Amino acid sequence: MSRISQPWPPVEVEPATVHPEAPRQGSHLGIHYGECFGCGDEIEAGLHLHSTVGEGTTVYSKFTVTSAHQGAPGLAHGGLLACAFDEALGATVGNLLRRPAVTGKLETDFLRPVPVGSTLYLATKLDGVAGRKIYVSADGRLDAEDGPVAVRARALFVRVEFEHFSTHGDPEALQKLAAAHEKAERAREWDINP
């Protein structure tokens, strides 16, 4: 049986253009929401994924697989790895394009096991934009930025308006998020204009 490889992106796209106010190369991307399972710091068993802006349209992320992340004994759960890629891909889209977007499709290829205690290094890049569709892909390497590729992913994100979150999200969680952002903005203003 032969495997047919689908072209990526599957449609004609325009190159992704990094927003002028996007974080600069070398910038560490902060937590977008403390209770986010992917990047947040308030969920003990979360991924605690850390990301840094790379050159051009790339973002580098990493997380360490703990026993709370396992599926088979001693190995990362495949769904959890997909979650990590979703977080890293979403961070790339949100931070570099500075537009709200949601996952429309996520495809992962598991190439080798990811043991508990290992660190997965994800290199994510924007592949192109077609209208509201944003195409992005990533490689996940074991224990080093140049380690063996363990997982690959590609995704389609769809640009949405804020109403998507205010209509479908938890109002109390949105208020908490708004309060945290307001506090952060006041702190930045104080730092800039003492």
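Trainee: Among contacts between residues at least 6 apart in sequence, what share joins residues at least 24 apart?

Mentor: The share is 65% in this protein. Bear in mind that the model is predicted.

Trainee: Which elements does the chain run through, and in what pattern?

Mentor: Along the sequence the pattern is β-β-β-α-β-β-β-β-α-α. That amounts to three helices and seven strands.

Trainee: How should I read the pairing of the strands at the start of that pattern?

Mentor: Look at the direction of each pair, then at the bridge partners. Strands β1 (residues 28-29) and β2 run antiparallel and are joined by two bridges. β2 and β3 are also paired in the antiparallel sense, over four bridges. T52 can be followed on both sides: H28 has T52 as its bridge partner in β2, and the partner of T52 in β3 is Y60.

Trainee: What connects β2 to β3?

Mentor: The two strands form a hairpin, with four residues between them. In the turn, G56 has a positive phi of about 65°.

Trainee: Which side chains of β2 are buried, and which are not?

Mentor: Read the side chains by face. In β2 (residues 50-53), S51 and V53 point to one face and are buried. H50 and T52 point to the other face and are not buried.

Trainee: How do I read the nonpolar core?

Mentor: In soluble globular proteins, nonpolar side chains tend to be buried together. Here the largest nonpolar core has 32 residues, and the members touching the most others are F63, F85, L89, V114, L120 and L126. Two or more residues come from each of β3 (58-64), α1 (78-97), β5 (119-130), β6 (133-142) and β7 (149-159). The most come from α1, which gives nine.

Trainee: Which residues does F63 contact beyond its neighbours within four places in sequence?

Mentor: F63 is in contact with L47, L49, H69, L80, L81, A84, S118, T119, L120 and L122.

Trainee: S118 is in that list. Is S118 buried or exposed?

Mentor: S118 counts as buried because its relative accessible area is 4%, under the 20% cut-off. S118 sits in the loop between β4 (101-110) and β5. Beyond its neighbours within four places in sequence, S118 contacts F63, T64, V65, L142 and D143. A polar atom of the S118 side chain also lies 2.5 Å from the backbone oxygen of P115.

Trainee: What do burial and surface come to for the whole protein?

Mentor: Of the 194 residues, 32% are buried. The accessible surface is about 11,800 Å², and 52% of that surface belongs to carbon and sulfur atoms.

Terms used: Residues are numbered from 1 along each chain as its sequence is written. This is a predicted model: local features need pLDDT of at least 70, side-chain atom pairs count only at pLDDT 80 or more; totals for chains, interfaces and linings use all residues. Side-chain values use heavy atoms; hydrogens and water are left out. A nonpolar core is a set of buried Ala, Val, Leu, Ile, Met, Phe, Trp, Tyr and Cys residues joined through side-chain atoms within 4.5 Å. Buried means under 20% relative accessible area, exposed over 50%, partly exposed in between (1.4 Å probe, protein chains only). Contact means heavy atoms within 4.5 Å. Accessible areas come from the Shrake-Rupley method with a 1.4 Å probe; for residues, only the protein chains shown count as cover. Two strands pair if DSSP finds at least two bridges between them. A polar contact is a pair of N or O atoms within 3.5 Å; within protein, one must be able to donate a hydrogen and the other to accept it, and residues adjacent in sequence count only if both atoms are side-chain atoms.
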